[in-house]
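Me: Could you take a close look at one part of this chain for me, and place that part within the whole? I am in my first year, so please go step by step.

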Amino acid sequence: SWGVETARKFSKADIEHALTELDTGNYGTILRSKGIVDGGADGWLEFDYVPGEPDIRDGCAMVTGRICVIGSRLNEMAVAELFGTAE
């Protein structure tokens with residue numbers, strides 16, 4: 001699994017793009033992803049993903065965003081880049 005806490009702001013389109021990309025197989029075999037992130041003007045966004053079924057909804061305000069990706073043979077660096085959290 002891969003996880004990160006982030007203060008980065010994401011648009012709903014950013015999250016939709018990232019969840020769609022997880023279906024490509026370029027990041028490993030993704031079983032599940034979930035998180036809550038600062039959506040800027042859109043407020044906080046909460047998301048859940050299982051292959052082929054992304055779900056993005058309004059979330060409750062948090063202190064910091066959190067993202068978790070669970071799978072096998074994860075390309076952790078590519079996942080970090082996808083979510084814009086690579087160091």
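Reply: Let us start with the whole and then move to one residue, Thr64. Read along its sequence, the chain of this predicted model follows the pattern β-α-β-β-β-β-α, and so it holds two helices and five strands in total. The C-alpha trace spans about 35 × 30 × 15 Å along its principal axes. The radius of gyration is 12 Å, which agrees with the value near 12 Å that a compact globule of 87 residues would have.

Within this chain, Thr64 sits in the loop between β4 (53–58) and β5 (65–72). Is Thr64 buried or exposed there? Its relative accessibility is 19%, and because buried means under 20%, Thr64 counts as buried; across the chain, 38% of the 87 residues count as buried.

The surroundings of Thr64 can be described next. If its neighbours within four places in sequence are left aside, Thr64 is in contact with Glu5, Thr6, Ala7 and Trp44. One of these residues, Thr6, also offers its backbone oxygen, which the side chain of Thr64 reaches at 3.1 Å.

For the chain as a whole, among contacts between residues at least 6 apart in sequence, 62% join residues at least 24 apart. Turning to the surface, the chain exposes about 4900 Å², of which carbon and sulfur atoms supply 48%. Finally, the chain carries 8 positive and 15 negative charges, and the mean positions of these two groups are 4 Å apart.

Definitions and conventions: Residues are numbered from 1 along each chain as its sequence is written. This is a predicted model: local features need pLDDT of at least 70, side-chain atom pairs count only at pLDDT 80 or more; totals for chains, interfaces and linings use all residues. Side-chain values use heavy atoms; hydrogens and water are left out. Helices (H or I, at least four residues) and strands (E, at least two) are DSSP runs, numbered from the N terminus. Buried means under 20% relative accessible area, exposed over 50%, partly exposed in between (1.4 Å probe, protein chains only). A polar contact is a pair of N or O atoms within 3.5 Å; within protein, one must be able to donate a hydrogen and the other to accept it, and residues adjacent in sequence count only if both atoms are side-chain atoms. Contact means heavy atoms within 4.5 Å. The radius of gyration is taken over C-alpha atoms; the globule rule is 2.2 Å times the number of residues to the power 0.38. Accessible areas come from the Shrake-Rupley method with a 1.4 Å probe; for residues, only the protein chains shown count as cover. Lys and Arg count as positive and Asp and Glu as negative; His and the chain ends are not counted. The place of a charge is taken as NZ of Lys, CZ of Arg, CG of Asp or CD of Glu.
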